[in-house]
Amino acid sequence: MIEVIDLKKVFDNGFEALKSVDFTIEKGDLVCLLGPSGCGKSTILNLIAGLLSPSAGDIRFAGSSVVKTEPKDRNIGFVFQNYALYPHMTVLENIMFPLTVGQKKIPKEEAKITAEKFMKLTNIEELYDKKPGTLSGGQQQRVAITRALVQNPEVLLLDEPLSNLDARLRLRIREEIRRLVKEVGITTIFVTHDQEEALSISDKIILLNEGVIQQNDDPQNLYLEPANLFVAKFIGNPIINTLSVTVQDGLMKNDVFQIPVSRFTSARFKDSMPDGEYVLGIRPEDFSPTGNEGIFSAELTNVELIGRERILNFQIGLDRMKSIVSIEDEIEEGTSVTFDLNYSKAFIFKKTGERIY
């Protein structure tokens, strides 16, 4: 188990990278640190690895603090974004290297047997005597992961290891990473800014912004039950539709429509909605064209084809909106479409971003 307790990091230039971070990772879980560039995810990884020292707080492995433990003594495997392979060594030599140096040094023949076992696990036996410069990006990535796993670390850290790969290869390699770490049973922390990557392989996702955890949850809950407006906007592709609305006298309204608040409260919310200014969030799949009377009509500005679906683009006032429909719904650009929404899937946020419903 990894425990991060009230972790803070302020750099010498005064930049507050982490403001107060708390989370727990269970043994054997694969957890993604997700968020935009500069949110603090790599800082957390480097603090756990011991490459940075915290300004405050604690990091514990199995109940014992490691804050004052040297990086080499933390029993961590680290896979960097650039793989950091030794160019003058063969693949086998790269993988053997951690076993033949330091306090845990073992005989070369034993190291070779161990390295070959893990090369078989990661399906890179055929790269045995090749040098890193002759390998593809995907092959180098597998070698780097194998070199990390061969040390039998307590924790595996991966810092955006797929960012240098093309889209199709990223899809295949991330599946391999999930299979490998689960087969070995190693606690893994995976840093990425790619939500699809995080959603596809994680047991848990810790979503950060500006050094603060926005939500620490199961992947599906970040989409289905976002904690705030930032989470709702960050998770989901296409992005969630958001509209500024006013609630007054039992009606939710803007310049284009007005909807009885009772439609929301009866479908999802227990309490009545106080008068005030809000942000209404609707996922694209929950905006539905309807042949019946809807809440508003709009002219389609563009129709995108994406595999089995069409994305309908339209505007409500100055706000650009999207609706996802089946590819079989042959709706053309320029068509005027009447829309309704799924009230049971609507989200209501305060102007400050706090979710209230």
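How much area is buried between domain 1 and domain 2? Let's work towards that number with the viewer open, bearing in mind that the model is predicted.

**The whole chain.** Start with everything shown as a cartoon. The C-alpha trace spans about 80 × 45 × 35 Å along its principal axes. Colour by secondary structure and you should find 9 helices and 21 strands. Of the 357 residues in the protein, 48% are buried. If you like contact maps, take contacts between residues at least 6 apart in sequence: 66% of these join residues at least 24 apart.

**The two domains.** Next, select residues 2–231 as domain 1 and 241–350 as domain 2, and give each its own colour. Their centres, taken over C-alpha atoms, are separated by 40 Å. Where the domains touch, 7 residues from domain 1 and 7 residues from domain 2 take part.

**The interface.** Now for the opening question: about 580 Å² is buried between domain 1 and domain 2, and carbon and sulfur atoms give 58% of that area. Show Tyr-223, Pro-226 and Leu-229 as sticks; this trio supplies 76% of what domain 1 buries against domain 2, more than any other three residues.

**Polar features.** While you are here, look for charged pairings: the count between the two domains is 0 salt bridges. Polar contacts do occur, with 2 residue pairs found across the interface.

**Helix α7.** Finally, select residues 219–224. This is helix α7, which gives the most to the side of domain 1 that touches domain 2, with 3 residues. Colouring that side by class shows 5 nonpolar, 1 polar and 1 charged residues.

Key
Residues numbered from 1 in each chain as written. Predicted model: local features only at pLDDT ≥ 70, side-chain atom pairs only at ≥ 80, totals over all residues. Heavy atoms only, no water. Domains from an automatic or database assignment. Contact = heavy atoms within 4.5 Å. Buried area = accessible area lost by both parts, 1.4 Å probe. Salt bridge = Lys/Arg side-chain N within 4 Å of Asp/Glu carboxyl O. Polar contact = N/O pair within 3.5 Å; in protein donor to acceptor, adjacent residues only side chain to side chain. Helix = DSSP H or I, 4+ residues; strand = E, 2+ residues; numbered from the N terminus. Nonpolar A, V, L, I, M, F, W, Y, C, P; charged D, E, K, R; others polar. Buried < 20%, exposed > 50% of the residue type's maximum accessible area, 1.4 Å probe, protein only.
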